[in-house]
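Student: I should like to examine how each descriptive term used for this model is justified. Please set every value against its definition.

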Number of protein chains: 2
Amino acid sequence: MKYSYQREEILKVVKASSGHISALEVYDEVKKTIPNISLGTVYRNLNSLVEHNYITKINMPSGSDIFDYTLGKHSHTHCIKCNEIFDLSSELNEEIKALVETNMNFVITKPVVFEGICHKCRDKKEG
Amino acid sequence: MKYSYQREEILKVVKASSGHISALEVYDEVKKTIPNISLGTVYRNLNSLVEHNYITKINMPSGSDIFDYTLGKHSHTHCIKCNEIFDLSSELNEEIKALVETNMNFVITKPVVFEGICHKCRDKKEG
DNA sequence: TATTGAAGTAGTAATGATTACTACTTAGAG
DNA sequence: CTCTAAGTAGTAATCATTACTACTTCAATA
């Protein structure tokens with residue numbers, strides 16, 4: 001991979017984010033330092049960073065994909081109220097994987113996104 | 001809901017499918033009996049059938065949504081080799097739900113799609 | 001049974017996320 | 001320095017889906 005200032009800034013932004021950021025959010029953020037950067041450049045570089053294992057792409061069931069700086073494949077939960085994304089521990093991930101494998105005879109190869117309500121939002125409603 | 005011939009034929013096609021069919025596939029199939037049906041009509045009716053709980057919509061992580069005639073909310077596995085979709089038993093579904101709830105303090109509210117390799121495709125490769 | 005209006009339809013345009021294309025630019029090996 | 005493969009900006013295209021518009025039809029009621 002040839003060095004590019006654009007890619008460097010894109011990676012910086014993904015790192016600086018809490019770990020979960022969309023292509024458009026990266027674009028808006030990088031524009032602050034490189035005002036004329038192209039959205040295509042952001043997508044191309046995010047995807048090549050994924051290919052080279054610098055970051056991970058998460059396919060959200062609804063809405064746009066998000067990019068994750070946390071190393072290692074892991075699944076997520078996505079709160080449909082506050083829109084926050086949380087990481088599953090690798091232990092929990094393995095436990096679910098094993099359950100599906102033994103019960104369904106099916107090998108999960110990609111991280112999953114569980115959609116629902118996080119504890120903060122549930123407490124808000126009940127409180 | 002006012003009766004419509006188009007909606008009736010659309011529901012027939014979803015029923016007749018093995019349970020998992022995309023909007024475009026429904027469109028192609030219904031065109032055989034209603035050649036000038038509009039794709040918009042297919043989408044609108046599929047969505048209103050979902051709203052009235054005749055069928056279920058499954059948000060696929062990648063690619064187009066699919067519609068499911070099987071009653072009752074349930075999660076799925078999706079084989080990325082043969083593209084087949086399998087239903088999770090409600091027991092397995094509840095087990096996973098409980099796991100995520102106790103470990104993450106997160107309530108799953110939507111069915112999930114696990115992506116990976118089904119036993120048929122795995123056997124093919126290993127055999 | 002004729003009237004009527006809300007719900008439905010076909011066809012087309014628009015949207016949102018993403019990728020592809022094109023002519024220009026730049027990193028960095030030789 | 002030179003040269004070329006890789007990268008870039010900007011724009012057009014794609015794919016899945018929804019919105020819009022003028023026309024049609026179901027079905028309640030006069």
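Student: What percentage of the 127 residues of chain A count as buried?

Tutor: The share is 44% of the 127 residues of chain A. Buried means a relative accessible area under 20%, exposed means over 50%, and partly exposed is in between, with a 1.4 Å probe and protein chains only. This is a predicted model, in which local features need pLDDT of at least 70 and side-chain atom pairs count only at pLDDT 80 or more, whereas totals for chains, interfaces and linings use all residues. Residues are numbered from 1 along each chain as its sequence is written, chains are lettered from A and ligands numbered from 1 in the order in which they are written, and side-chain values use heavy atoms, with hydrogens and water left out.

Student: Why is A:Ser38 called partly exposed?

Tutor: The relative accessible area of A:Ser38 is 37%, a value between the two limits, and therefore the residue is partly exposed. A:Ser38 is placed in the loop between helix H2 (23–30) and H3 of chain A. Helices (H or I, at least four residues) and strands (E, at least two) are DSSP runs, numbered from the N terminus.

Student: What makes the approach of A:Ser38 to A:Gly40 a polar contact?

Tutor: A polar contact is a pair of N or O atoms within 3.5 Å; within protein, one must be able to donate a hydrogen and the other to accept it, and residues adjacent in sequence count only if both atoms are side-chain atoms. The side chain of A:Ser38 lies 3.2 Å from the backbone nitrogen of A:Gly40, so the distance satisfies the limit.

Student: Why is A:Asn53 called exposed or buried, and what is notable about its phi?

Tutor: A:Asn53 has a relative accessibility of 63%, so it counts as exposed. Its phi is near 60°, a positive value in a residue other than glycine. A:Asn53 belongs to the loop between H3 and strand S2 (56–58) of chain A.

Student: Where does B:Asn105 lie, and why is its exposure class what it is?

Tutor: B:Asn105 is in the loop between H4 and S6 of chain B. The relative accessibility of B:Asn105 is 35%, so it counts as partly exposed. Phi of B:Asn105 is also positive, near 60°, in a residue other than glycine.

Student: How do you know which residues surround DNA strand D?

Tutor: A residue is near a molecule or strand if one of its heavy atoms lies within 4 Å of it. Of the 18 residues around DNA strand D, those that come nearest are A:Lys2, A:Ser4, A:Thr41, A:Arg44 and B:Tyr43. Sugar and phosphate make up 74% of the atoms of DNA strand D within 4 Å of the protein.

Student: Which polar side-chain atoms approach the phosphate oxygens of DNA strand D?

Tutor: An N or O atom in the side chain of A:Arg44 is 2.5 Å from a phosphate oxygen of DNA strand D, and a polar side-chain atom of A:Asn45 is 3.1 Å from one. On the base side, a polar side-chain atom of A:Lys2 lies 2.8 Å from a base nitrogen of DNA strand D.

Student: How many residues surround DNA strand C?

Tutor: There are 18, the closest being A:Tyr43, B:Lys2, B:Ser4, B:Thr41 and B:Arg44. Sugar and phosphate supply 76% of the atoms of DNA strand C within 4 Å of the protein. The side chain of B:Thr41 has an N or O atom 2.3 Å from a phosphate oxygen of DNA strand C, and that of A:Lys2 has one 2.9 Å from a base oxygen.

Student: What makes S4 and S7 of chain A a pair?

Tutor: Two strands pair if DSSP finds at least two bridges between them. Four bridges join strand S4 (residues 76–79) to strand S7 (residues 113–118) of chain A, and the two run parallel; the criterion is therefore met. In this pair, A:Cys79 stands opposite A:Gly116.

Student: Which strands form the edges of the sheet?

Tutor: The open sheet has four strands in the order S5(A)-S4(A)-S7(A)-S6(B), with mixed pairing. Its edges are strand S5 (85–87) of chain A and strand S6 (106–108) of chain B, since each pairs on one side only.
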